[in-house]
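Welcome, and thanks for taking a look at this one with me. Here are a few notes to help you find your way around.

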Amino acid sequence: MFVDEVEIYVEGGRGGDGCISFRREKFVPYGGPDGGNGGDGGSVIIQARESLHSLAPLVHRKHWRAARGQHGSGSNCHGASGQDLVIPVPPGTLVYDAERNFLLKDLAHPGDQVVVARGGKGGKGNAYFKSPTNRTPRQRTLGQPGQSRRLRLELKLIADVGLIGKPNAGKSTLLSRLSRARPKIASYPFTTKYPHLGLVQVGMDRSFVLADLPGLIEGAHAGAGLGHDFLRHIQRAGILVHLLEPYPFDGTQPLDNYHAIRHELEAFDPQLAQRPEIVVVTKADLPGAEQVHHQLREKLGREVLLISAATGQGLNQLVSTILQTLDQHRSHAAKGEGGI
């Protein structure tokens, strides 16, 4: 199950109470206060883990509470601090305060973490209060409660390359052909209900992460269909591969579909329109696909690739173009000319 948004309640552990105790031993003429302090409560930490790709593990557990600190005891024994609670999430998770609606942290990279609820401080035992003028203190403090808050976690997939296009353009088939990902594939539209990630290995030392993003429709930027759910994942993609079906199932024209998708991207986030894009005509094995390819190349005035995921035609050229475009994009990003 793929889940890209979830709300949870987190609470830091309560601090342990301080202890009131006096030393009383046989043959020890001078006793005194020896009550230990309570331990601090554990904190709740959210951490990005590379092995995760969905927020699904958090769906069935809405309350997360760290361990409380142990109480102090006699003989100046201090209570142990509570263990921190670490909640693992996929890289690319945005952590929001749900009640105040502000961003706490963008966990964009593996290992990134944020403390979302600090544990309470432990109380002081009566030994803490002893002094030359207060030799038998009978006061202590109780442990403080930990912080609590309600969080909204939102996942934006991080991929080097995002596959975009109208429904049934061949995105899932291409992903399954280039990587080991196995998305659902069928002859009818909207078979992909959520994004899929696949690692494309090129030789021994080159690879990139490819994301199959569900088909977009007109009005997606305004929430039509699952517009916002789909479009937000494109924001993390370094470059876009725009797939066009030569003969769409709904009878529309490939050129019109291209401009429609470009409009949705720009309306949702103007920066998406500036992202490097590779235009590809799919299903080259269909009669007349090559003619559509030539027409699009002339009308768009740019390079347009022609591929067939079924037969493998043009896939090597596509992978080579993706690697070249990624290198250029990363070079520009490193120079501060752009980036994700």
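**Notes on the sheet, the cores and one helix**

1. A good place to begin is the open sheet, where 5 strands run in the order E5-E1-E10-E7-E8 with mixed pairing. At its edges are E5 (63-65) and E8 (102-107), each of which pairs on one side only. From one strand to the next, the twist averages 30°. Please keep in mind as you look that this is a predicted model.

2. Next, have a look at the E5 edge. Strand E1 (residues 5-11) pairs with E5 in the parallel sense, over 3 bridges. Here you can find Tyr9 standing opposite His63 in E5.

3. Now for the nonpolar cores. The largest has 24 residues, and Val10, Ile46 and Leu153 have the most contacts inside it. Two or more residues each come from E1, E4 (44-48), E6 (85-89), E9 (113-117) and E10 (148-155). There is also a second, separate core of 22 residues, including Leu210, Val241, Val280 and Val319.

4. Leu153 deserves a closer look. Leaving aside neighbours within four places in sequence, Leu153 is in contact with residues including Val6, Ile8, Ile46, Leu55, Leu58 and Val89. Asp4, Glu5 and Thr93 are also among its contacts.

5. Finally, is helix H1 largely enclosed or open? Helix H1 (residues 171-178) has 6 of its 8 residues buried, so it is largely enclosed by the rest of the structure. The buried residues in H1 are Lys171, Ser172, Leu174, Leu175, Ser176 and Leu178.

Definitions and conventions:
Residues are numbered from 1 along each chain as its sequence is written. This is a predicted model: local features need pLDDT of at least 70, side-chain atom pairs count only at pLDDT 80 or more; totals for chains, interfaces and linings use all residues. Side-chain values use heavy atoms; hydrogens and water are left out. Buried means under 20% relative accessible area, exposed over 50%, partly exposed in between (1.4 Å probe, protein chains only). Helices (H or I, at least four residues) and strands (E, at least two) are DSSP runs, numbered from the N terminus. Two strands pair if DSSP finds at least two bridges between them. Axes are lines fitted to C-alpha atoms, for helices over the stretch in contact, and angles run from 0 to 180 degrees between N-to-C directions. A nonpolar core is a set of buried Ala, Val, Leu, Ile, Met, Phe, Trp, Tyr and Cys residues joined through side-chain atoms within 4.5 Å. Contact means heavy atoms within 4.5 Å.
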